[in-house]
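Me: I'd like to go through this model and ask what stands behind each label. Could you take my questions in turn?

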Amino acid sequence: MEIVVCVKQVPDTTEVKIDPQTNTLIRQGVPSIVNPFDKNAVEAALQLKEKHGGRITVISMGPPQASDALKECLAMGADEAVLISDRAFGGADTLATSYTLAAAIRKLGQVDLIICGKQAIDGDTAQVGPEIAEHLNLPQVTYVAKIAVEGDKARVEREHEEGYEVIEAQLPLVATVVKSINEPRFPTVKGTMKANRKQIPVWTVNDLSVEPEKLGLKGSPTQVRRIFTPKQRTQGEIIQKDTAREAVATLIEKLTDAKIV
C-alpha cells in the first residue's frame, strides 16, 4: 500500500499568547509540536503497513522548522517525508492549504490511502482533509475511529454522537481520524537517530503544478480580521456545608449579594 499522511506543526496551545497590538500569535519562544490528531493518523498508517506492507510518506506545508515535525513522524516509523515550503504559500486559509497539499499528493504519484488528523488544534476547522478529497476527486470518510483494508476497499467505523456508522469505500480514499482510533507510539532511539540523518526534500511552488492565484493569501477567500485572548474567568467557589439545606441557603445569600437573584 502507498499511504500518505498529512501532518501539521502547531504551537503548543498551552503556551499560546496574543500580541495585543497586532492581534497575531506570538511565536517567539513558543514550543511547536506535531498536531496530536496527526499523530493518530501516523499511527493508523503504521498499523496498516504492519499488516499489509507498503510505504508511508508524510507531508507537511509550513516554514522550514516544520521539518522537525516530519522528523518526529519518521522516527515513529514513516518511510519518507516531504516538506512543502515557499513564501508563496504564506497566509493560506484551509482552501489554499488543501489545494497545495493536493498538488503535492498528485506529484507523489499513485496513492492508495490519504490519512489526516480530524483537525488541527490551532485552527479547529476540520476542513483540510475533506477539501483535499474534493481537489483530488476522491471519496472521503471523516471522524474515523477504526479502519481496515480488504483488497481494494476500506471498511471504516465513523464516530458520531450516537454511536458508529460502518462504511465501506473504494480505494483510493481520504480518511480523517479521531483520537480514539489508537494510542500513538513513541519514537524509538534508533528511529530518532535515523530520522535525524535523513535529508528531507523541500518542494517549492516551482516543483508543483499549481495556479499561482490559488495559493497563499491570494487564493484564500477567508481571512482572519481579529484574534484575541479571552478574558480569564473568575474562579468558582465550592460551598461545603453539613447539609444540603445549609448549602442552598448559603448559595442564595451569595447570589442575592451579587444581585443575580
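**Labels and their cut-offs**

Reply: Sure, and I'll start with aspartate 38, which touches Val5, Cys6, Val7, Lys8, Cys116 and Gly117, leaving out residues up to four places away in sequence. Contact here means heavy atoms within 4.5 Å. Keep in mind that this is a predicted model, where local features need pLDDT of at least 70 and side-chain atom pairs count only at pLDDT 80 or more, while totals for chains, interfaces and linings use all residues. Residues are numbered from 1 along each chain as its sequence is written, and side-chain values use heavy atoms, with hydrogens and water left out.

Me: Where does aspartate 38 sit, and what makes you say that it has no salt bridge?

Reply: Aspartate 38 is in helix α1, residues 36-52. Helices are DSSP runs of H or I with at least four residues, strands are E runs of at least two, and both are numbered from the N terminus. A salt bridge needs a side-chain nitrogen of Lys or Arg within 4 Å of a carboxyl oxygen of Asp or Glu. For aspartate 38 the nearest side chain of opposite charge, lysine 8, is 8.0 Å away, so the rule isn't met. Lys and Arg count as positive and Asp and Glu as negative, with His and the chain ends not counted. Aspartate 38 is also buried, meaning under 20% relative accessible area (exposed is over 50%, partly exposed in between; 1.4 Å probe, protein chains only). Its side chain does reach the backbone nitrogen of glycine 117 at 3.2 Å.

Me: Why is the pair of glutamate 50 and arginine 185 called a salt bridge?

Reply: Their closest N and O atoms are 2.7 Å apart, so the pair passes the 4 Å limit. Glutamate 50 lies in helix α1 and arginine 185 in the loop between β10 (173-177) and α5 (189-197), so the bridge ties together parts 135 residues apart in sequence. Glutamate 50 is exposed at 56% relative accessible area, whereas arginine 185 is partly exposed at 27%.

Me: What puts lysine 198 and glutamate 80 under that label too?

Reply: The closest N and O atoms of lysine 198 and glutamate 80 are 3.5 Å apart, so the 4 Å limit is met here as well. Lysine 198 lies in the loop between α5 and β11 (202-203) and glutamate 80 in strand β5 (residues 80-84), so the pair links parts 118 residues apart in sequence. By this rule the count comes to 11 salt bridges.

Me: How do you know that there are zero disulfides?

Reply: A disulfide is called when two cysteine sulfur atoms are within 2.5 Å, and a search of the whole structure finds zero. For cysteine 73, the nearest cysteine sulfur, that of cysteine 6, is 11 Å away. Cysteine 73 is buried, with 0% relative accessible area. For cysteine 116, the nearest cysteine sulfur is again that of cysteine 6, at 4.0 Å, so this pair doesn't meet the cut-off either. Cysteine 116 is buried at 5%.

Me: What makes a group of residues a nonpolar core?

Reply: A core is a set of buried Ala, Val, Leu, Ile, Met, Phe, Trp, Tyr and Cys residues joined through side-chain atoms within 4.5 Å. The largest has 39 residues, and those with the most contacts inside it are Ile3, Val5, Val58, Leu113 and Ile115. Apart from it lies another core of 24 residues, among them Ile84, Phe89, Ala103 and Leu208.

Methods: Polar contact = N/O pair within 3.5 Å; in protein donor to acceptor, adjacent residues only side chain to side chain.
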